[in-house]
Amino acid sequence: MIEKITKMTNFKIIFYGTPDFAIPAISILIKNGFDVCAVVTVEDRKAGRGLKVQESAIKKFAKKNNISVLQPSNLKDESFLDEINNFNADLQVVVAFRKLPKVVWEMPAKGTINLHASLLPHYRGAAPINWAIINGERKTGVTTFFINQNIDTGDIIMQDEVSITDVETAESLHDKLSDVGAKLLLKTVNAIMNGENPRLQQKEETIIKKAPKINKEDCRINWSKNIDELYNFIRGLSPYPCAWTTFDKKIYKIYSVTKEPVNHNDKAGTIESNYKTFLKIKVKGGNIVLKEIQMQGRKRMAVEDFLRGANIDKDSCFV
C-alpha cells in the first residue's frame, strides 16, 4: 500500500496506463495527496507457456491500493463513458496507454495530459526510449503535454532533459526516465490544479526524429553496419525486445556487449574466440564483444558459460 505524505486534495484524477513505466507516476500522485479515483488499463491477457491470465502492472498496483479499475475493450463504449463521467474527475493523466478518442480526452474540466518519454516533438511514437539509444543520442528527456486529436502533438506543458551515457541500455534509460517523469508529472499536475501551467504549441521542425513501434524483424542484427551503429542498436533493444542474430540455423538473442575499435580485414560477422572467456564478432571498425547471450531454447547466460558447451568452428560467422 502507498501511504500519502500530504493531506488529500479535492482534485480528482483518472489515470490511464499499463506498464511498469507508469508506476512511479501514479505513486507520486497518490503520495502527494491527489485523489486518483480510478485507473484505466488494458484487458487481462493470457501469456507465457501455461497461457496464464496476466494483469497489467498498473492493475496490480491499483488493486493493492484499493483504486477502482476499468478495463474497456472499446473506449467509445457508452457504458465505459458513463463510468468515467460518473467519477467527475478534474483531470485525466495518461502514461503509456493507447490513443484516446476525443469524447474521452475532452471530458474533464482541466483536460487530459500525457507523460511521454522524449523531448517532443522528437521521438513521437511507441518506442522513444529504444530509438533514442539506437540513434546514438547523447540526451533525451520527458515531456508533459495536453492530448489532442493527433498522437504526441498536443501543447507542451513542461519538459526535463536526461543524459544518455555510453553504456546506457533501454532498461537503464527506462528506469531513469520513469523516475524523472514522475517528478515532472507531479510538478505539472500541481501547476494545472493551481491554474499556473504553461501551454506551448509544438514547433514543427524540418526533420523530426520518429519512434515507431519495433517488431521482431526490426531487431535482427545487420553485421555489415559499423561498430558504433551496432553497439547502439544492441544497447537500444536490451533487454526488450532484444537484438538477435542467427548462427548454425539457431536464433541467438544478444543482451549485452562492449566494443573494441581496431583495424582488421575480416569479413563482417566473423567470430573470434579463445573458446573459454571471450567471443568477439568482427565488424566494420572493430569488434563487438559479446557479454550476455541467449541461444534459442536456452536461458540467458554470460558468454563464458555459453562457451563451455558451445561448438564453434574458427571460420564460423554470425548472420
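**Figure 1. Glutamate 168 in the loop between strand 9 and helix 6 of the predicted model**. Glutamate 168 lies in the loop that separates strand 9 from helix 6. With a relative accessible area of 4%, glutamate 168 is buried. Its side chain forms a polar contact of 2.9 Å with the side chain of lysine 176. Leaving aside residues up to four places away in sequence, glutamate 168 touches Ile133, Ser163, Leu173, Lys176 and Arg235.

**Figure 2. The open sheet of 7 strands and the packing of helix 6**. The strands follow the order 5-2-1-6-7-8-9, and their pairing is mixed. Strand 5 (68-70) and strand 9 (156-163) occupy the edges; each has a single partner strand, so one side of each lacks a neighbour in the sheet. From one strand to the next, the twist averages 20 degrees. Strand 1 and strand 6 run parallel and are joined by 5 bridges. Phenylalanine 15 stands opposite valine 93, a residue of strand 6. Helix 6 packs on the sheet, where it touches strand 1, strand 6, strand 7, strand 8 (139-146) and strand 9. The direction of helix 6 makes about 150 degrees with that of strand 9.

**Figure 3. The largest nonpolar core, with isoleucine 113 among its residues**. This core has 42 residues, and those with the most contacts inside it are Phe15, Ile26, Leu29, Val93, Ile113 and Val189. Helix 6 (residues 170-193) gives the most to the core, contributing 10 residues. A second, separate core has 32 residues, including Cys219, Tyr231, Ile288 and Leu290. Isoleucine 113 touches Leu91, Gln92, Val93, Val94, Phe145, Phe146, Ile147, Ile157, Leu185, Thr188, Val189 and Ile192, when residues up to four places away in sequence are not counted. In soluble globular proteins, nonpolar side chains tend to be buried together.

**Figure 4. Helix 1 and the elements that cover its buried residues**. Helix 1 spans residues 23-31, and its buried residues are Ala25, Ile26, Ser27, Ile28, Leu29 and Ile30. Two of these, Ile26 and Leu29, are listed with the residues that have the most contacts inside the largest nonpolar core. The cover over the buried residues of helix 1 includes strand 1 (12-17), strand 2 (35-40), strand 6 (91-95) and strand 7 (112-116), together with helix 2 (57-64) and helix 6. Just after helix 1, glycine 33 adopts a positive phi of about 85 degrees.

**Figure 5. The hairpin of strand 10 and strand 11**. Strand 10 (residues 243-247) has 5 of its 5 residues buried, so this strand is largely enclosed by the rest of the structure. Ala243, Thr245 and Phe247 point one way from strand 10, whereas Trp244 and Thr246 point the other way. Strand 10 pairs with strand 11 (residues 250-261) in the antiparallel sense over 5 bridges. Threonine 246 has isoleucine 251 of strand 11 as its bridge partner. The hairpin leaves 2 residues between the two strands, and aspartate 248 in the turn has a positive phi of about 55 degrees.

**Figure 6. The protein as a whole, for orientation among the close-up views**. The protein contains 8 helices and 15 strands. Its C-alpha atoms fill a box of roughly 70 × 50 × 35 Å along the principal axes. Of the 319 residues, 48% are buried. The accessible surface comes to about 16700 Å², and carbon and sulfur atoms account for 47% of it. Among contacts between residues at least 6 apart in sequence, 67% join residues at least 24 apart.

Technical notes
Residues numbered from 1 in each chain as written. Predicted model: local features only at pLDDT ≥ 70, side-chain atom pairs only at ≥ 80, totals over all residues. Heavy atoms only, no water. Core = buried A, V, L, I, M, F, W, Y, C linked by side-chain atoms within 4.5 Å. Buried < 20%, exposed > 50% of the residue type's maximum accessible area, 1.4 Å probe, protein only. Helix = DSSP H or I, 4+ residues; strand = E, 2+ residues; numbered from the N terminus. Contact = heavy atoms within 4.5 Å. Pairing = 2+ DSSP bridges. Axes fitted to C-alpha atoms, helices over the stretch in contact; angles between N-to-C directions. Polar contact = N/O pair within 3.5 Å; in protein donor to acceptor, adjacent residues only side chain to side chain. Areas by Shrake-Rupley, 256 points an atom, 1.4 Å probe, with all protein chains shown as cover.
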